[in-house]
Amino acid sequence: MKCILWVLLSFSLFAMQSSHAENTAPPLQCVAFSPYVNQLSPHQGDAPSSELIGTLLDTLINQTPFRCIMTYGVLDGLEAIFPAAKQRDFKVIAILWLDENKTKNSESISQGIALARQYPETIIRLSCGSEVRTRNAYALDDETDRCLKALREAKVPQPIGVNDTWWEWCNQTSPCQKNHFSDQVDWIGINIFPWWENRYFDDLFCLSSEQAADFHLARWQDVTNANPTKEVIVTEFGWPSGPKDQSQIGLKTNKSCGVANREKQQHVIETTFKKFAEKRVIGIAFEAFSEIWKPTVTDSNFEHFWGLCDNMPPYTCHFAF
């Protein structure tokens with residue numbers, strides 16, 4: 001991550017007025033869903049089976065309130081998510097995964113178009129990539145453009161967007177400004193993680209779990225102000241549950257900011273969804289099941305503790321909302 005002008009963004013919330021009809025349905029509250037549990041990895045070995053995908057979705061039905069998920073690809077076994085979701089009446093925000101492999105990107109785009117047409121009531125939104133700019137800077141902008149153009153030309157029925165970190169959607173500037181994709185999308189997906197702000201940014205951000213919900217809403221407001229004609233949804237937010245009671249340490253400050261445990265994870269998810277509901281914001285909690293395949297960038301393996309449900313059978317969920 002980079003620390004540039006966006007760190008000067010005000011922590012204070014912008015004043016917002018809520019004026020909507022009482023009968024309006026509440027905004028969707030969703031959870032990020034990746035079936036790479038146990039020892040499965042997207043980089044090697046077997047793909048998740050359709051039976052496993054069904055088991056994990058049934059776990060969400062039986063143990064959580066979520067009936068909306070966001071997925072991270074449409075190839076290599078992940079295409080089984082969509083019929084399983086339809087069978088169980090889940091709504092799906094589908095990401096077409098984009099990376100440096102252009103041939104694989106083409107396959108993802110084609111498969112995404114086919115699935116969007118096949119499951120128009122299950123797939124409710126499409127995203128061209130997830131954090132493509134955050135991972136690759138501007139090197140793959142052409143691939144994102146290509147995906148957006150292909151979906152437009154295919155006339156898919158779903159709204160089309162792009163997911164990335166909030167500072168990329170602010171065009172790495174303060175105050176927040178529109179970026180290259182703003183005029184091409186129907187909706188904007190922003191990922192917001194105070195836990196990682198604490199690690200990579202300076203003294204302006206040293207956020208506790210009690211401050212996280214306000215931070216999420218403030219960043220949503222920043223991007224909304226810069227893109228007033230677009231719907232902005234928070235496509236990832238969350239807090240790690242472990243290693244229990246360990247703190248995030250700032251690389252630039254050596255300051256301890258935030259503590260990881262189940263209680264604080266629960267607090268962040270619950271208070272954020274409540275604030276989003278008040279402001280009519282769609283939010284997606286990160287994530288349904290912890291993923292132990294992820295490489296660690298810290299000594300404490302925080303990357304392995306973001307799930308609301310266990311990684312191993314019986315996949316017990318630890319979330320009451």
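Which residue just after H5 takes a positive phi? The notes below, which concern a predicted model, come to that residue after the helix itself has been described.

1. Helix H5 covers residues 141-154, and its 14 residues reach 20 Å from the first C-alpha to the last, a span close to the 20 Å expected at 1.5 Å a residue. Just after H5 comes Lys155, and this is the residue that takes a positive phi, of about 55°.

2. The buried residues of H5 are Asp141, Glu143, Thr144, Asp145, Cys147, Leu148, Leu151 and Ala154. In an α-helix there are 3.6 residues a turn, so residues three or four places apart point the same way. The partners against which the buried residues of H5 pack include three strands, namely E3 (91-96), E4 (123-130) and E5 (160-165), together with the helices H3 and H4.

3. Two of these partners return in the description of the largest pocket, since helix H3 (102-118) and helix H4 (132-136), along with helix H7 (194-200), each supply at least two residues of its lining. The volume of the largest pocket is about 1500 Å³, and 42 residues line it, with Trp97, Glu131, Arg135, Trp293 and Lys294 lying nearest its centre. Sorted by class, the lining of the largest pocket has 20 nonpolar residues, ten polar residues and twelve charged residues.

4. As for enclosed space, the structure holds one cavity of 30 Å³ or more, and the volume of the largest cavity is about 30 Å³. Its lining consists of Arg133, Val162, Asp164, Glu168, Trp169, Asn179 and Phe181, and the elements that give two or more residues to this lining are strand E5 and helix H6 (166-169). By class, the lining of the largest cavity divides into three nonpolar residues, one polar residue and three charged residues. Strand E5 thus appears twice in this note, once as a packing partner of the buried residues of H5 and once as a contributor to the lining of the largest cavity.

5. A separate point concerns strand E8 (residues 246-249) and strand E9 (residues 256-260), which run antiparallel and are joined by four bridges. Within this pairing, Gln246 stands opposite Ala260 in E9. The two strands form a hairpin with six residues between them, and Asn254, in the turn, has a positive phi of about 60°. A positive phi is therefore reported here at two places, at Asn254 in the turn of the hairpin and at Lys155 just after H5, and a colleague checking the backbone of the model could look at both.

Note on methods: Residues are numbered from 1 along each chain as its sequence is written. This is a predicted model: local features need pLDDT of at least 70, side-chain atom pairs count only at pLDDT 80 or more; totals for chains, interfaces and linings use all residues. Side-chain values use heavy atoms; hydrogens and water are left out. On a 1 Å grid over the protein atoms alone, a cavity is a set of points where a 1.4 Å probe fits but cannot get out, and a pocket is an open set with protein on both sides within 12 Å along at least five of seven lines; lining residues have an atom within 4 Å of a point. Grid points are joined across faces, edges and corners, and a volume is the space filled by probe spheres set on the points. Ala, Val, Leu, Ile, Met, Phe, Trp, Tyr, Cys and Pro count as nonpolar, Asp, Glu, Lys and Arg as charged, and the others, Gly among them, as polar. The expected span of a helix is 1.5 Å times one less than its number of residues. Buried means under 20% relative accessible area, exposed over 50%, partly exposed in between (1.4 Å probe, protein chains only). Contact means heavy atoms within 4.5 Å. Two strands pair if DSSP finds at least two bridges between them.
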